[in-house]
Amino acid sequence: MLYVTNEDVPGFIGRLGTVLGEAGVNIATFHLGRTAPGRGALALVAVDQKVPDELLERVRQLPHVVQAELLSF
């Protein structure tokens, strides 16, 4: 699972999905919350494949990402 905090801007979810999809990582579930329009947002993204360190770093480099971490349960 990915835990991502970001600035709430149009197109962010699409960019995140594109980066994961290009790496062959399928999104199982996507949950999004935000403090207010245009403010901070948080995404919990369950994925079907392991997210390699290189991909996590690509997610961290996306515009408007504040934090990106892997979670496992």
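Here are three short exercises on a predicted model, each with a worked solution.

**Exercise 1.** Find which residue pairs with Arg34 in a salt bridge, and work out whether that partner is buried or exposed.

*Solution.* Start with the charges: side chains of opposite charge can pair when their charged atoms come close. For Arg34 the partner is Asp8, with the closest N and O atoms 2.9 Å apart. Next, place the two on the chain: Arg34 sits in strand β2 (residues 27–34), while Asp8 is in the loop between β1 (2–7) and α1 (12–22). They are 26 residues apart, so this pair links distant parts of the chain. Last step: Asp8 has a relative accessible area of 17%, and the cut-off for buried is under 20%, so Asp8 counts as buried.

**Exercise 2.** Trace which residues are linked with Arg60 in a network of salt bridges.

*Solution.* Begin inside helix α2 (residues 53–60), which holds both Glu57 and Arg60, three residues apart, or about one turn of the helix. Their closest N and O atoms are 3.7 Å apart, and that makes a salt bridge under the 4 Å cut-off. Now look for another acid: Glu69 also meets Arg60, at 3.2 Å from N to O. Put together, Glu57, Arg60 and Glu69 form a network. As for exposure, Glu57 is partly exposed at 35%, Arg60 is partly exposed at 32%, and Glu69 is partly exposed at 32%.

**Exercise 3.** Locate Leu71 and say what kind of surface patch it belongs to.

*Solution.* Leu71 comes in the segment after β4 (65–70). Its relative accessibility is 32%, so Leu71 counts as partly exposed. With Met1 and Phe73, Leu71 forms a nonpolar patch on the surface, about 340 Å² of accessible area together.

Note on methods
Residues are numbered from 1 along each chain as its sequence is written. This is a predicted model: local features need pLDDT of at least 70, side-chain atom pairs count only at pLDDT 80 or more; totals for chains, interfaces and linings use all residues. Side-chain values use heavy atoms; hydrogens and water are left out. Patches are made of residues with over 30% relative accessible area and no salt bridge: like charges are joined within 9 Å, nonpolar side chains (Val, Leu, Ile, Met, Phe, Trp, Tyr) within 5 Å. Accessible areas come from the Shrake-Rupley method with a 1.4 Å probe; for residues, only the protein chains shown count as cover. A salt bridge is a side-chain nitrogen of Lys or Arg within 4 Å of a carboxyl oxygen of Asp or Glu. Helices (H or I, at least four residues) and strands (E, at least two) are DSSP runs, numbered from the N terminus. Buried means under 20% relative accessible area, exposed over 50%, partly exposed in between (1.4 Å probe, protein chains only).
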